[in-house]
Amino acid sequence: MSDDEDCPPLCDAMDARDDSNGEDDEWEVAEEQNDPVKCLFCETISPTMTVAIRHAKQQHDFDLAGVRRRFHLDEYSYIKMINFIRREKPAPEQFKTAAGSSLPWADDKYLQPVENETWLMFDLVELDEIMMNNGSGGGGGAGVGGNGGVSGEKETSSDIGDTMTLTTDQYRKLQGIINDLSAQLREKENLLQHAASSIEKMKESFRNVLADQQQQQPNGKENGKAGTEEGAEGEKKLEQIKRKLEHCVSSVSVDDDQSYFNTYSHFGIHHDMLSDEVRTSSYRDAILRNADIVKDKTVLDLGCGTAILSMFASKAGAKEVISVDQSDIIYQAMDIVRKNSIENIRFVKGRLEDTELPVEKVDIIVSEWMGYFLLFEGMMDSVIYARKQYLREGGLILPNRCNISIAGYGDLERHNEFIGFWKNVYGFDMSCMKKEVLREATVEVCKPEHIITNANIIANFDLMEVDVDCPNFSYDFELKVKRDTQLTAIIGYFDTFFELPEHIEFSTSPYSRPTHWKQTIFYLEEPVPVREGQTIGGKFVCRRDPKDVGILILIS
């Protein structure tokens with residue numbers, strides 16, 4: 001909003017209180033101003049806000065309390081809704097069902113009132129008080145106890161009522177109920193704390209059990225010369241694999257890598273992944289639609305999280321599923337599996353590179369290892385380690401192939417919001433920040449209408465063949481411009497393939513259904529004018545950061 005535009009008037013919501021009425025036997029709960037209120041949907045003028053709210057419900061079937069719950073209104077969205085009604089004059093029926101993700105009054109232009117509006121002076125907190133005072137089934141009429149009722153229109157107990165008057169005895173009884181409820185709440189809080197302490201003890205017990213199991217696992221045939229030679233050969237092979245992986249994530253100590261695993265201990269990230277229907281349903285379909293391949297096989301679920309992929313494999317008929325995760329979410333996964341009465345899933349807590357599995361070989365490796373721009377996080381290294389150390393000859397990796405694509409992007413409005421923002425920050429020039437901002441890629445949902453070139457596939461990864469140096473690559477790209485416009489960024493995304501008899505694949509392209517991976521954006525410092533048919537050329541270079549192998553250095 002510019003300085004020249006009128007700002008909405010600010011109103012102090014003052015509770016009108018009767019200083020003293022000289023009557024000790026009554027307590028006034030609330031008293032409201034008597035400013036006339038115009039109906040939101042007709043020309044009716046009500047003497048008070050309470051009467052106006054009741055009129056809207058009775059005459060127009062507009063239940064303000066129900067609308068508030070349905071659309072999750074806070075103070076700002078309530079203001080926007082009132083101004084939207086005054087400006088656009090919608091029918092009351094429009095508020096009976098929740099809209100999609102975008103509300104019709106979401107635009108900030110509805111923060112500015114059309115006229116001096118009494119509805120905007122109404123505090124939503126007062127609505128809660130009105131509902132509490134008149135919403136109970138035993139009240140009815142004008143007041144409680146027949147002492148000093150409130151005059152007004154005839155109403156029933158289901159109406160949104162006027163103010164409530166309580167006698168001193170009734171007030172004391174209500175206060176006693178509140179004190180009892182408070183005491184019960186404190187008791188329940190103590191019980192919850194005790195339960196939390198018990199859960200921590202259970203987790204510690206699980207850790208000890210897992211540690212004991214891993215210590216008791218056989219390390220090969222220890223009796224006899226043949227067993228000794230076989231064990232030595234296995235150790236030699238393992239050391240060779242580790243030397244090949246010395247410049248990847250496995251070279252990072254577990255303590256240094258713990259912050260990465262800790263991010264997966266929080267429930268929010270698992271909600272985001274599980275609710276990503278493109279991601280989760282693709283894995284489900286790849287496993288269950290190819291159940292003949294999974295049946296009676298030993299499956300390794302690498303980075304199991306909540307064990308959703310492990311349970312898909314079990315449902316598909318796997319003989320045994322080994323579920324590995326370093327984060328503490330594995331304890332919840334144990335509860336989930338037990339809750340669903342699944343008995344063929346075995347859990348191993350730890351980083352795969354530092355842990356010995358209870359089996360020598362597996363038939364299938366399933367893992368959701370992909371990060372932003374496919375390679376961020378560096379978990380592909382663990383998949384490669386699992387393939388070399390544990391995958392049986394002729395085994396499968398799901399998914400088995402991924403690729404990365406880039407395309408030209410032209411969204412001037414977003415570029416100005418994100419990069420141009422630093423030119424004037426509350427009147428101060430912070431443009432020196434742009435250089436550092438441009439060094440980092442951002443993750444956003446890109447709009448397909450702003451894709452201005454064709455796409456180039458710049459990298460293709462066959463999980464059965466790639467080695468740990470695969471993140472170090474370069475590609476000479478040529479992007480052909482589709483229309484006259486301005487180039488503001490290069491965006492990247494990836495595609496994932498389960499090349500099985502029942503083929504499954506999904507894409508994180510802007511043209512596909514959005515996923516939690518979104519797209520990765522590499523902004524230009526300034527927009528570059530381009531013309532239709534023009535070719536944008538350059539070299540895209542991807543390298544591991546030598547100081548942090550989990551980070552990528554990208555140059556285009």
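Just after helix α12, Ser 341 takes a positive phi of about 55°, a local feature read here from a predicted model. The helix that precedes this residue, α12, spans residues 329-339, and Ile 329, Ile 330, Tyr 331, Ala 333, Met 334 and Val 337 are buried in it.

**Overall architecture**

The secondary structure of the protein comes to 15 helices and 18 strands, and buried residues make up 42% of its 556 residues. Of the contacts with a separation of 6 or more, 73% are accounted for by residues 24 or more positions apart. The protein exposes about 31,300 Å², of which carbon and sulfur atoms supply 49%.

**Strand pairing around β16**

Strand β16, residues 519-530, pairs in the antiparallel sense with strand β11, residues 442-444, over three bridges, and in this pairing Thr 442 stands opposite Ile 521. Strand β14, residues 485-498, also pairs with β16 in the antiparallel sense, over seven bridges; here Tyr 523 in β16 is the bridge partner of Ala 489.

**A buried loop serine**

Ser 367 lies in the loop between β8 (362-366) and α13 (380-390), and because its relative accessibility is 2%, Ser 367 counts as buried. Leaving aside residues up to four places away in sequence, Ser 367 touches Tyr 283, Leu 302, Leu 309, Met 379, Val 383, Leu 398 and Pro 399.

**Aromatic pairs and a charge over a ring**

A pair of aromatic rings is described by the distance of the centres and the angle of the planes. The count of aromatic pairs comes to 17, and two pairs that involve Trp 105 are set out below.

| Pair | Centre distance | Plane angle | Class |
|---|---|---|---|
| Phe 71 and Trp 105 | 5.2 Å | 70° | edge-to-face |
| Phe 84 and Trp 105 | 5.8 Å | 50° | tilted |

The pair of Phe 71 and Trp 105 links distant parts of the chain, with Phe 71 in helix α2 (residues 64-71) and Trp 105 in the loop between α3 (75-88) and α4 (124-134), 34 residues apart. The pair of Phe 84 and Trp 105 likewise links distant parts of the chain, with Phe 84 in helix α3 and Trp 105 in the loop between α3 and α4, 21 residues apart. Phe 71 is buried; Phe 84 counts as buried at 6% relative accessibility, and Trp 105 counts as buried at 2%. Ring pairs link Phe 41, Phe 62, Phe 71, Phe 84, Phe 95, Trp 105 and Tyr 110 into a cluster.

Elsewhere, Arg 401 lies over the face of Phe 497, at 4.0 Å from the ring centre.

Definitions and conventions: Residues numbered from 1 in each chain as written. Predicted model: local features only at pLDDT ≥ 70, side-chain atom pairs only at ≥ 80, totals over all residues. Heavy atoms only, no water. Buried < 20%, exposed > 50% of the residue type's maximum accessible area, 1.4 Å probe, protein only. Helix = DSSP H or I, 4+ residues; strand = E, 2+ residues; numbered from the N terminus. Contact = heavy atoms within 4.5 Å. Areas by Shrake-Rupley, 256 points an atom, 1.4 Å probe, with all protein chains shown as cover. Pairing = 2+ DSSP bridges. Phe/Tyr/Trp six-rings, centres within 6.5 Å; stacked < 30°, edge-to-face > 60°. Lys NZ or Arg CZ within 6 Å of the ring centre and 35° of its normal.
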